[in-house]
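Here is a set of short exercises to work through with the model open beside you. Try each task yourself before reading its solution.

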Amino acid sequence: MIPPIARRFVAGESVPELLDHVRACNADDVAVIANLLGEHYDDPSAAREDVDTYLTLIDDIADSGLDACVSVKPSQIGLDVSADLFEDNYREIVAHAHDRDAFVWCDMEGADTTDATLDAFESIAEEYPWSVGQCLQSNLMRTHEDLDRLVDVPGKIRLVKGAYDEPASIAYTDRSRVDEAYREDLRLLFERRDRGVAVGSHDPAMIALADRLAQEHGTDYEVQMLMGVREDAQRDLAAQGVDVVQYAPFGDKWLSYFYRRVRERKENLRFALRAVVGR
Ligand code: FAD
């Protein structure tokens with residue numbers, strides 16, 4: 001049983017609970033990205049179990065006609081075992097989604113996983129165009145170049161500020177520098193792409209900038225926010241006609257999700273608490 005403090009951020013432990021949550025969001029014109037909680041499996045059978053759940057979930061979503069897609073984590077589907085296992089599992093999930101006219105996102109984890117994640121994304125997106133999307137983190141100094149590399153790849157790109165505490169040798173650690181990098185990366189995306197831009201941020205300044213850039217360049221975009229955070233803004237933006245997608249984690253590993261969020265970055269604890277008390 002998920003306690004109310006966690007229930008605000010987690011859509012339930014089971015697929016039926018998740019689908020109920022998707023139905024409620026869809027009623028407000030908010031789509032959902034469903035993420036089965038789980039990460040850092042060093043056992044291939046644990047990764048397999050989650051791959052199977054995703055395959056079934058894709059069927060459930062396609063059969064229900066709900067406006068939802070899924071998001072996987074590299075270390076959940078095999079990256080901690082090997083890059084090959086990860087790419088095979090990732091490809092299998094996307095191939096199935098492609099058959100079912102569904103969509104798969106891939107989250108981005110720590111910087112030691114960026115190369116393997118982007119290599120897999122690039123190859124899979126070329127094979128299954130516009131069935132897959134990749135998250136990139138603006139706090140990493142390399143990201144501007146990664147975006148340049150990926151700009152013509154036929155997959156969506158979700159830009160986030162970055163949730164992982166990375167060393168100053170490879171990442172911007174100052175919040176205002178991260179914001180500046182996020183703005184630069186947004187500009188690159190809107191200037192160079194005409195579709196497939198996802199703004200993964202709760203920051204009103206970044207969302208306003210995205211809106212201006214979209215109008216300037218005629219680029220299609222969506223705003224993505226986490227379940228339990230600024231949900232009023234999610235509904236308001238959707239009512240204004242913006243494509244809004246809520247990232248909703250679910251599953252029985254909800255406790256470790258919270259521990260990890262808190263451990264990764266002190267700000268994430270403040271962030272979660274701010275959401276709980278409604279600021
Ligand atoms: P922040 O810099 O945290 O906040 C900026 C401003 O936003 C605040 O000043 C305030 O005005 C507003 N704001 C923020 N929170 C609230 C609140 N609770 N209530 C009201 N206003 C608020 N990170 C990864 O590293 N990898 C991923 O794969 C990944 N996927 C993500 C997917 C989605 C859909 C989202 C939304 C985030 C994801 N993240 C991921 C997390 C991301 O990297 C950031 O850590 C997180 O989103 C916080 O940054 P922010 O841009 O939302 O704004």
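Two residues touch, or are in contact, when heavy atoms of theirs lie within 4.5 Å. Keep in mind throughout that this is a predicted model.

**Exercise 1. Find where Val242 sits, and list which residues it touches beyond four places in sequence.**

Step 1. Start with the location: Val242 belongs to the loop between helix H9 (231-239) and strand E8 (243-250).

Step 2. Check the exposure. Val242 has a relative accessibility of 15% and therefore counts as buried, since the cut-off for buried is under 20%.

Step 3. Apply the contact rule. Not counting residues up to four places away in sequence, Val242 touches Tyr221, Val223 and Leu237.

Step 4. Try a C-alpha distance as well: Val242 and Asp211 are 9.0 Å apart in space, with their positions 31 residues apart in sequence.

**Exercise 2. Describe the surroundings of the ligand: how many residues surround it, and which are the closest?**

Step 1. Count the shell. The ligand is surrounded by 26 residues, and the closest are Met108, Lys161, Gly162, Ser201 and His202.

Step 2. Sort the shell by type: 12 residues are nonpolar, 6 polar and 8 charged.

Step 3. Look for polar atom pairs. From the backbone of Met108, an N or O atom lies 2.9 Å from a ligand nitrogen. The side chain of Gln137 has an N or O atom 2.9 Å from an oxygen atom of the ligand. For His202, a polar side-chain atom is 2.7 Å from a ligand oxygen.

Step 4. Ask how much of the ligand is covered. On its own the ligand has 950 Å² of accessible area, and the protein covers 85% of that.

Step 5. Map the shell onto the fold. Two or more residues each come from strand E4 (132-137), strand E5 (156-160), strand E7 (221-226) and helix H11 (266-277).

**Exercise 3. Compare Lys156 and Arg158: is each one buried or partly exposed?**

Step 1. Place them both. Lys156 is in strand E5, and Arg158 is in strand E5 as well.

Step 2. Read the exposure. Lys156 is partly exposed because its relative accessibility is 22%, whereas Arg158, at 5%, is buried.

Step 3. Find the polar partners of Lys156. Its side chain makes a polar contact of 2.8 Å with the side chain of Glu222.

Step 4. Do the equivalent for Arg158. Its side chain is joined to that of Ser71 by a polar contact of 3.5 Å and to that of Gln224 by one of 2.7 Å.

Step 5. Widen the view to contacts, leaving aside neighbours within four places in sequence. Those of Lys156 include Phe103, Phe121, Trp130 and Arg193. Those of Arg158 include Ile33, Cys135, Ala198 and Tyr247.

Step 6. Finish with a distance: Lys156 and Tyr221 are 65 residues apart in sequence, yet their C-alpha atoms are 9.4 Å apart.

**Exercise 4. Work out how the span of helix H7 fits its number of residues, and which of its residues are buried.**

Step 1. Helix H7 covers residues 175-192, which is 18 residues.

Step 2. From first C-alpha to last, H7 reaches 26 Å, close to the 26 Å expected at 1.5 Å a residue.

Step 3. The buried residues of H7 are Val178, Asp179, Ala181, Tyr182, Asp185, Leu186, Leu188, Leu189 and Phe190.

Step 4. To read that spacing, recall that an α-helix has 3.6 residues a turn, so residues three or four places apart point the same way.

Step 5. Now find the cover: helix H6 (143-150), E5, strand E6 (197-200), helix H8 (204-217) and E7 are among what covers the buried residues of H7.

**Exercise 5. Look at the backbone of Trp130 and Arg230: what is phi near in each?**

Step 1. Phi of Trp130 is near 60°, a positive value in a residue other than glycine. For Arg230, also not a glycine, phi is positive and near 50°.

Step 2. Locate them. Trp130 is in the loop between H5 and E4, while Arg230 is in the loop between E7 and H9.

Step 3. Check exposure: Trp130 is partly exposed at 28% relative accessibility, and Arg230 is partly exposed at 36%.

**Exercise 6. Decide whether Thr117 is buried or exposed, and name its contacts.**

Step 1. Thr117 is part of helix H5 (residues 114-127).

Step 2. Its relative accessible area is 0%, so Thr117 is buried.

Step 3. Beyond four places in sequence, Thr117 is in contact with Pro74, Leu79, Phe86, Cys106, Asp107, Met108 and Gln134.

Methods:
Residues are numbered from 1 along each chain as its sequence is written. This is a predicted model: local features need pLDDT of at least 70, side-chain atom pairs count only at pLDDT 80 or more; totals for chains, interfaces and linings use all residues. Side-chain values use heavy atoms; hydrogens and water are left out. Helices (H or I, at least four residues) and strands (E, at least two) are DSSP runs, numbered from the N terminus. Buried means under 20% relative accessible area, exposed over 50%, partly exposed in between (1.4 Å probe, protein chains only). A residue is near a molecule or strand if one of its heavy atoms lies within 4 Å of it. A polar contact is a pair of N or O atoms within 3.5 Å; within protein, one must be able to donate a hydrogen and the other to accept it, and residues adjacent in sequence count only if both atoms are side-chain atoms. Accessible areas come from the Shrake-Rupley method with a 1.4 Å probe; for residues, only the protein chains shown count as cover. Ala, Val, Leu, Ile, Met, Phe, Trp, Tyr, Cys and Pro count as nonpolar, Asp, Glu, Lys and Arg as charged, and the others, Gly among them, as polar. The expected span of a helix is 1.5 Å times one less than its number of residues.
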